[in-house]
Amino acid sequence: MIALSTAPTARAAIDDAIDAVLARLARRLREHGDGARALASAIARSTEGGKRFRPLLVVAAFETLRGREADRTSVYQVAAAFELLHTAFVVHDDVIDHDTERRGVANVGGEFRARGRARGADASGAALLGDAAGILAGDLLLHEASRLIALVDLPSATRSELLSLLEDAVLVSAAGELADVENAVSAGEIDAETILRTTHDKTAVYSFSAPLEAGAVLAGADGPARAALERFGQRLGLAYQLVDDLIGAFGSSEMSGKDEGCDLREAKKTHVIVLARETESWPQVSAALAEAHTGPVAVRAAQRALSASGARARLEELVRETLDEARAIVTASTLPEDCRDMLRDLVDAVQERVP
């Protein structure tokens, strides 16, 4: 999704840092029985296959803000922590959504559901075991992310700032995820502002502003630089999630990693749906959405209804406006030119994801 000039070298170093955590976790769990050993293996598999752009953002910010070479090892540890944080959220999100697969293979919950069935559990018991394993795996990953930063070889003031960033990322993301579920189960209408705030909170801080700020902290950047990266990350993160909404409604299966129109099939209350509800075409859109779960033909009918209502065009315009705001933050900043170029590349990468 996001190509960074530091990616080849940084990716290998981040992979090494994550592998060291997973190896340590496997050693610690080995003595606690077969189930614990299976959980360690499932956790290791849950970290595979991702783009790891969040930790690369930490490294890119550090490098383009001219951090000290002597701190590079610490940078990779902090970067790895943000990838473990992301994996923890993904594992917990699968539990919330009752998903048993990720990237086409069994996730932690799916593996342990199969484990339960192999031991004679009925469907309810297998589901209970799968959910328990998912929750515990996410808990362990959250702990390991915090542990990495808590033990990093840096001045205590720097470490404290990094822990505060991690804490903010966890708190805001948890609030956003809870709001998302509340919106989904609510029988009433949800206004566009509420949906937009939830969209921001779910991903913008932990995926963009916190990793960028962490790199800035590690580079010893000043307050204005950090503030600019925070504002930029929040706008870029919102745009990124809005593009995800477009992909979930209109993107191909290759883009979403799920069936085409997955959000429409699952009747998710995304921003494009809220925008459609505000139009005179809502009765037609609502009727089409009610059938979207029945198959590809109904999905395409719902897509046509959403486009005809103008909701898709309005969401695309909101993405453009949000990305323009991110570009304006870069232009107005006093960040080094290398850093500004990197941020502009990120904006372009998000723009290229629009289906």
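**Helix contacts and aromatic pairs**

In this predicted model, helices α3 and α8 cross in a right-handed sense. Helix α3 covers residues 53-64 and helix α8 residues 192-218; their axes lie 7 Å apart and form an angle of about 35 degrees. On the α3 side, the contact is made by Phe53, Arg54, Leu57, Val58, Ala61 and Phe62. Helix α8 contributes Tyr206, Ser207, Phe208, Pro211, Leu212, Ala214, Gly215, Ala216 and Leu218. Sorted by character, the residues of this contact are twelve nonpolar, two polar and one charged.

Some residues of this contact also take part in ring pairs. A pair of aromatic rings is described by the distance of the centres and the angle of the planes. With ring centres required to lie within 6.5 Å, the count comes to four aromatic pairs. One of them joins phenylalanine 53 and tyrosine 240: the ring centres are 5.7 Å apart and the planes stand at 50 degrees, so this pair is tilted. The tilted class holds what is neither under 30 degrees nor over 60. Because phenylalanine 53 belongs to helix α3 and tyrosine 240 to helix α9 (residues 223-250), the pair ties together parts that are 187 residues apart in sequence. Both phenylalanine 53 and tyrosine 240 are buried.

Another pair consists of phenylalanine 89 and tyrosine 206. Here the centres are 4.8 Å apart and the planes are at 85 degrees, so the pair is edge-to-face. Distant parts of the chain are linked by this pair, since phenylalanine 89 lies in helix α4 (residues 72-97) and tyrosine 206 in helix α8, 117 residues apart. Are these two residues buried or exposed? Phenylalanine 89 has a relative accessibility of 19% and therefore counts as buried, the limit being under 20%. Tyrosine 206 is buried as well, with a relative accessible area of 7%.

Ring pairs also build a cluster, made up of Phe53, Phe208 and Tyr240. Of these, Phe53 and Phe208 belong to the contact of α3 with α8. Tyrosine 240 has a further partner: arginine 353 lies over the face of its ring, 4.1 Å from the ring centre. A second such arrangement involves arginine 277, whose charged end sits over the ring of tryptophan 282 at 5.0 Å from the centre.

Helix α8 also contains serine 209. This serine 209 is buried, with a relative accessible area of 2%. Leaving aside residues up to four places away in sequence, serine 209 touches Ala204, Leu229, Glu230, Gly233 and Gln234.

Methods
Residues are numbered from 1 along each chain as its sequence is written. This is a predicted model: local features need pLDDT of at least 70, side-chain atom pairs count only at pLDDT 80 or more; totals for chains, interfaces and linings use all residues. Side-chain values use heavy atoms; hydrogens and water are left out. Axes are lines fitted to C-alpha atoms, for helices over the stretch in contact, and angles run from 0 to 180 degrees between N-to-C directions. Helices (H or I, at least four residues) and strands (E, at least two) are DSSP runs, numbered from the N terminus. A crossing is left-handed if the near helix is turned anticlockwise from the far one by less than a right angle, and right-handed if clockwise. Contact means heavy atoms within 4.5 Å. Ala, Val, Leu, Ile, Met, Phe, Trp, Tyr, Cys and Pro count as nonpolar, Asp, Glu, Lys and Arg as charged, and the others, Gly among them, as polar. Rings of Phe, Tyr and Trp (its six-membered ring) pair if their centres lie within 6.5 Å; planes under 30 degrees apart count as stacked, over 60 as edge-to-face and the rest as tilted. Buried means under 20% relative accessible area, exposed over 50%, partly exposed in between (1.4 Å probe, protein chains only). A charge sits over a ring if NZ of Lys or CZ of Arg is within 6 Å of the ring centre and within 35 degrees of the ring normal.
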